[in-house]
Amino acid sequence: MKMQRSPFILFIAFLAFCAILAAAPAGAVDLIVDLSDPSKYQTIQAAIDDAALQIASDPALSFRVIVMPGTYSGNIILKNNIPVQGHETMRSIVDNGGGTVMTASGVSGVSVRNLTFQKAGTGIAVSNNSTVSITNNVFTGITVAAVQVSGSPSTSVVNNTFYQNGAGV
């Protein structure tokens, strides 16, 4: 006796397969920044620099920087095609004591998501036609501008929270 497959069952199996594929970029390697684990990166910049160095030697590689809960120092220079993502928005915190926390200048394929930016002059400075996505972040106590965009028409700033800042965007 031949068993018939229900279209509904096949559809559910297809959705499950798509969800698995969408969970992370194909072949992306997570670089973990975690102050509580000495075996992980201790600064966001160190993880970004390592990813950029490896991509320079093999452009087929793909990385994502994951920032675990903690308070990290800013003055971070973002680099091409290296997304930075907080593990927990309210507990993955970046500040710079008055300066600029992150700078994206002349880069493409960069996303910054799920981080809290605090105690800085500028949260994220984007310039020179950067393709940057800034999503699901919290900006608080920023004295100049939470997100400063100059000459970068393809920058997207979506679903962020701005609280007690000099200016939002």
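Which residue stands opposite Ser92 in β6? I started my notebook with that one, and I found Gly70 facing Ser92 there. A reminder to myself before going further: this is a predicted model.

**Entry 1: the whole chain.** I counted the elements first, and the protein chain has 2 helices and 13 strands. Next I looked up burial: of the 169 residues, 36% are buried. The accessible surface of the chain comes to about 9200 Å², and carbon and sulfur atoms hold 59% of that area. I also checked contacts with a separation of 6 or more, and 40% of them link residues 24 or more positions apart.

**Entry 2: around β6.** Back to the strand I opened with. I see β6 spanning residues 92–95, with cover on both faces. Ser92 and Val94 are buried on one side, while Ile93 and Asp95 are buried on the other. I then asked which strands pair with β6. Strand β3, residues 70–73, runs parallel to β6 and is joined to it by 4 bridges. Strand β9, residues 116–127, is also parallel to β6, with 3 bridges between them. For Ile93 I looked up the bridge partner in β9, and it is Thr116. A general note for my own margin: strands of a sheet pair through backbone hydrogen bonds, in either a parallel or an antiparallel way.

**Entry 3: the open sheet.** I traced a sheet of 6 strands, and its order reads β1-β2-β5-β8-β10-β12. The sheet is open and its pairing is parallel. At the edges I find β1 (28–33) and β12 (156–158), each of which pairs on one side only. Neighbouring strands of this sheet are turned by 20 degrees against each other on average, with direction ignored. I took a look at one pair in detail: β1 and β2 (residues 62–67) are parallel and share 6 bridges. Within that pair, Ile32 stands opposite Ile66 of β2.

What lies across β1, β2 and β5? I found helix α2, residues 44–57, in that place. The angle between α2 and β2 is about 175 degrees.

**Entry 4: two loop residues.** I picked Gly27 first, in the loop between α1 (7–22) and β1. Is Gly27 buried or exposed? Its relative accessible area is 63%, so Gly27 counts as exposed. I also noted a partner from further along the chain: Leu61 is 34 residues from Gly27 in sequence, yet their C-alpha atoms are 7.3 Å apart.

My second pick was Asn160, in the loop between β12 and β13. Asn160 has a relative accessible area of 13%, and therefore I list it as buried. Which residues does Asn160 touch, leaving out those up to four places away in sequence? I get Ile134, Thr135, Asn136, Asn137 and Phe139. For Phe139 I also looked up the spacing: its C-alpha atom is 7.7 Å from that of Asn160, with their positions 21 residues apart in the chain.

**Entry 5: a surface patch.** Last, I went looking for nonpolar side chains on the outside. Val149, Val157, Phe162 and Val169 form a nonpolar patch on the surface, and together these four have about 310 Å² of accessible area. I followed up on Val169, which sits in the segment after β13 (161–163). With a relative accessibility of 64%, Val169 is exposed.

Methods. Residues are numbered from 1 along each chain as its sequence is written. This is a predicted model: local features need pLDDT of at least 70, side-chain atom pairs count only at pLDDT 80 or more; totals for chains, interfaces and linings use all residues. Side-chain values use heavy atoms; hydrogens and water are left out. Patches are made of residues with over 30% relative accessible area and no salt bridge: like charges are joined within 9 Å, nonpolar side chains (Val, Leu, Ile, Met, Phe, Trp, Tyr) within 5 Å. Accessible areas come from the Shrake-Rupley method with a 1.4 Å probe; for residues, only the protein chains shown count as cover. Buried means under 20% relative accessible area, exposed over 50%, partly exposed in between (1.4 Å probe, protein chains only). Two strands pair if DSSP finds at least two bridges between them. Axes are lines fitted to C-alpha atoms, for helices over the stretch in contact, and angles run from 0 to 180 degrees between N-to-C directions. Contact means heavy atoms within 4.5 Å.
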